[in-house]
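Visitor: Please take me through this model and explain the terms as you apply them.

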Amino acid sequence: ENDSSLFQFDSKFDETEDTLDEPVSTTIWRDLRGFGIKLFHVTFPHGKGPAALRDWDLWGPLFLCFGLEILINLGYESAQDDNSAEGVEALIFTIIWILIWGGALVVTLNAQLIGGNMSFFQTVCLLGYCLFPLNVAAFVCHFVNIFFKLIIVGICIAWASFASLSFFAAAVPENRKAMALYPALLFYLIIGFIIVVTVR
């Protein structure tokens, strides 16, 4: 049975603990710990991820998105001269950002239409943290040929999609999981395609 109560739109603001007066080091440590916990649930999906996603954040997705952009740009620059790569860096940066936010909007609307109750920011958090496998793929693809690149990217797309499914399972009706996963799978396929064609 799906525990949809784990996904509440205003869950980020339900905390009664006042953190305004706490030391900065405590805040940083709490955020780093949350980042590690969410990344652990993505790296080793085991069905308990939705509880971690309830306390969503955008720092983790921001860093993972930047990391992916840097890895893709480095891969493109290594195969091109300075003049030809100059304008493409900004284009790749723009495409990745549009995909992240546009993809989050599409996945959120889709989840709402099929009876789920994930908020927009929870979806951004979910999609962002599940980019971690594709960060791994973008890094490894710097060192392998096209054959192994296709295999690695394919495995990491499946990994990211499976991690997403563990979160969607608690947010959508049981018989509509595939409908919820399809836009996320398409999202990761597009990112994977960009990695394959740009990282040389």
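Guide: A polar contact is a pair of N or O atoms within 3.5 Å; within protein, one atom must be able to donate a hydrogen and the other to accept it, and residues adjacent in sequence count only if both atoms are side-chain atoms. Helices (H or I, at least four residues) and strands (E, at least two) are DSSP runs, numbered from the N terminus. The model is predicted: local features need pLDDT of at least 70 and side-chain atom pairs pLDDT 80 or more, while totals for chains, interfaces and linings use all residues. Residues are numbered from 1 along each chain as its sequence is written, and side-chain values use heavy atoms, with hydrogens and water left out.

Visitor: What makes asparagine 145 a cap of H7?

Guide: A side-chain oxygen of asparagine 145 lies 3.2 Å from the backbone nitrogen of phenylalanine 147, at the N-terminal end of H7. That pair falls under the limit for a polar contact.

Visitor: Which elements does the protein have, and in what order do they run?

Guide: There are eight helices and zero strands. From the N terminus on, the order is α-α-α-α-α-α-α-α.

Visitor: How do you know that the span of helix H7 agrees with its number of residues?

Guide: The expected span is 1.5 Å times one less than the number of residues. For the 23 residues of H7 (residues 146-168) this gives 33 Å, and the end C-alpha atoms are 32 Å apart, so the two agree. Helix H8 (residues 177-198) has 22 residues and an expected span of 32 Å; its end C-alpha atoms are 32 Å apart, which also agrees.

Visitor: Why is glutamate 69 called buried?

Guide: Buried means under 20% relative accessible area, exposed over 50%, and partly exposed in between (1.4 Å probe, protein chains only). Glutamate 69 has 2% relative accessibility, so it counts as buried. The residue sits in helix H3 (residues 59-77). Its side chain makes a polar contact of 3.0 Å with the side chain of tryptophan 97. Contact in general means heavy atoms within 4.5 Å; apart from residues up to four places away in sequence, glutamate 69 touches Phe93, Ile96 and Trp97.

Visitor: Is asparagine 110 buried or exposed?

Guide: Its relative accessible area is 19%, so asparagine 110 is buried. It belongs to helix H4 (residues 82-113). Its side chain reaches the backbone oxygen of methionine 179 at 2.8 Å. Neighbours within four places in sequence aside, asparagine 110 contacts Met179, Ala180 and Pro183. Ala180 and Pro183 are among the buried residues of H8.

Visitor: Why is phenylalanine 120 called partly exposed?

Guide: Its relative accessible area is 24%, so phenylalanine 120 is partly exposed. This residue is in helix H5 (residues 120-129). Its C-alpha atom and that of alanine 104, 16 residues apart along the chain, are separated by 6.8 Å. Residues up to four places away aside, phenylalanine 120 touches Trp101, Ala104, Leu105 and Thr108.

Visitor: What makes H6 roughly antiparallel to H7?

Guide: Axes are lines fitted to C-alpha atoms, for helices over the stretch in contact, and angles run from 0 to 180 degrees between N-to-C directions. Angles under 35 degrees count as roughly parallel, over 145 as roughly antiparallel, 65 to 115 as roughly perpendicular and the rest as oblique. The axes of helix H6 (residues 132-140) and H7 come within 8 Å and cross at roughly 170°. H6 is therefore roughly antiparallel to H7. The contact is made by Phe132, Pro133, Leu134, Ala137 and Val140 of H6 with Ile152, Val153, Cys156, Ile157, Trp159 and Ala160 of H7. The buried residues of H7 include Ile152, Val153, Cys156, Ile157 and Ala160.

Visitor: How many residues of each class does the contact of H6 with H7 have?

Guide: Ala, Val, Leu, Ile, Met, Phe, Trp, Tyr, Cys and Pro count as nonpolar, Asp, Glu, Lys and Arg as charged, and the others, Gly among them, as polar. On that basis the contact of H6 with H7 has 11 nonpolar, no polar and no charged residues.

Visitor: How is H1 oriented relative to H7?

Guide: Helix H1 (residues 24-43) packs against H7 at an angle of about 115°, with the axes 8 Å apart. H1 is therefore roughly perpendicular to H7. His41, Val42 and Thr43 of H1 meet Trp159, Ala163 and Phe167 of H7. By class, this contact has four nonpolar, two polar and no charged residues.
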